[in-house]
Amino acid sequence: KGNIKNDYELRGILKDGKIKFLKNNEIENINFIFNIKKNNYLIEDLKLTTDNVNFYLNLLKINKKNDNYLFDGQIKNKDSVLSSKLLKMLNYNFKEFNIKDSIFSSSNDFKFELTNKFKVKNLSIESDIEFDQIEYKNNLGLSDYFNHIPETVSLKNQNLKLKYQNDLLSVKGQGQIQIGKNYEKINYELNKKGKKYDFNTNFNV
């Protein structure tokens with residue numbers, strides 16, 4: 001039997017790969033270049049599709065630390081439609097915000113640790129996200145200024161900066177909100193810890 005030396009290096013290309021998960025979720029059209037050394041894995045030019053949304057990842061670094069693996073990368077998409085199936089895959093649970101069928105673009109820096117029992121630890125995400133339209137099922141605190149606020153408020157051209165770390169989610173956004181027949185500029189901030197969150201707004205009329 002032969003032994004693999006510690007200074008080995010493997011390079012290659014994967015084309016048209018597919019991963020199928022439970023509940024009929026799948027990732028397809030997986031293409032990337034890989035470079036593998038002992039305890040270090042480098043993936044470049046990763047392209048994949050899930051629920052008709054194309055994602056692109058320029059570089060993904062995976063380093064082995066003891067029995068765990070550290071992931072560090074950035075993933076992007078451009079002008080994609082958010083379906084209910086994709087939202088379920090992303091474990092989206094903000095019922096106040098209806099972003100289904102919105103067109104979105106995003107750039108997401110992420111880091112996390114994967115244990116030998118396939119548990120994710122120390123997840124950190126920083127994202128810049130653009131939505132063409134969002135619906136909010138509340139009054140955003142506007143009842144102090146207006147007598148008649150519809151149950152669903154429309155927001156468009158939204159730019160969000162999102163940070164997630166240690167179960168703390170912070171979102172800062174700006175865009176336009178519909179007031180009557182007109183759209184006005186709005187800024188807002190959401191902070192969520194566990195099941196508790198604060199939502200603050202500032203807008204011009």
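**Notes on a predicted, strand-rich model**

1. A point on contacts to begin with: taking the contacts in the protein between residues at least 6 apart in sequence, 39% join residues at least 24 apart. Please keep in mind throughout that this is a predicted model.

2. On the overall make-up, the protein has 1 helix and 12 strands. Reading from the N terminus, the order of elements is β-β-β-β-β-α-β-β-β-β-β-β-β, so you can follow the numbering of the strands from that end. You may like to keep this order at hand for the points below, which refer to strands by number.

3. A word on burial and surface. The protein has 205 residues, and buried ones make up 32% of them. Its accessible surface comes to about 14400 Å², and carbon and sulfur atoms account for 48% of that surface.

4. Next, the pairing around β9, which is a good place to start in the viewer. Strand β8 (residues 120-136) and strand β9 (residues 153-165) run antiparallel and are joined by 12 bridges. If you would like a position to look at here, Phe-131 stands opposite Gln-158 in β9.

5. β9 also pairs with strand β10 (residues 168-179), again in the antiparallel sense, over 9 bridges. Here Leu-162 has Val-171 in β10 as its bridge partner. The hairpin of β9 and β10 has 2 residues between the strands, and Asn-166 in this hairpin takes a positive phi near 55 degrees.

6. That brings me to backbone angles. Most residues other than glycine have a negative phi. Asn-166, although not a glycine, has a positive phi of about 55 degrees; Asn-166 is found in the loop between β9 and β10. With a relative accessible area of 57%, Asn-166 is exposed, because the cut-off for exposed is over 50%.

7. Asn-66 deserves a look alongside it. Phi of Asn-66 is near 60 degrees, a positive value in a residue other than glycine. The residue lies in the loop between β4 (53-65) and β5. Asn-66 is exposed too, its relative accessible area being 68%.

8. Now the aromatic rings, where the count comes to 5 aromatic pairs. One of them is Phe-71 with Phe-112, a stacked pair at 4.6 Å centre to centre, with 10 degrees between the planes. Phe-71 lies in strand β5 (residues 68-81) and Phe-112 in strand β7 (residues 103-114), so this pair ties together parts that are 41 residues apart in sequence. Phe-71 counts as buried, because its relative accessibility of 16% falls under the 20% cut-off.

9. Phe-112 has a further ring partner: Phe-110 and Phe-112 form a stacked pair at 6.1 Å centre to centre, with 25 degrees between the planes. Phe-110 counts as buried at 15% relative accessibility. Through these ring pairs Phe-71, Phe-110 and Phe-112 are linked into a cluster, so I would suggest viewing the three together.

10. Lastly, a charge over a ring. What lies over the face of Tyr-183? The residue is Lys-156, at 4.2 Å from the ring centre. Lys-156 falls within β9, given as residues 153-165, the strand discussed in points 4 and 5.

Technical notes:
Residues are numbered from 1 along each chain as its sequence is written. This is a predicted model: local features need pLDDT of at least 70, side-chain atom pairs count only at pLDDT 80 or more; totals for chains, interfaces and linings use all residues. Side-chain values use heavy atoms; hydrogens and water are left out. Buried means under 20% relative accessible area, exposed over 50%, partly exposed in between (1.4 Å probe, protein chains only). Contact means heavy atoms within 4.5 Å. Accessible areas come from the Shrake-Rupley method with a 1.4 Å probe; for residues, only the protein chains shown count as cover. Two strands pair if DSSP finds at least two bridges between them. Rings of Phe, Tyr and Trp (its six-membered ring) pair if their centres lie within 6.5 Å; planes under 30 degrees apart count as stacked, over 60 as edge-to-face and the rest as tilted. A charge sits over a ring if NZ of Lys or CZ of Arg is within 6 Å of the ring centre and within 35 degrees of the ring normal.
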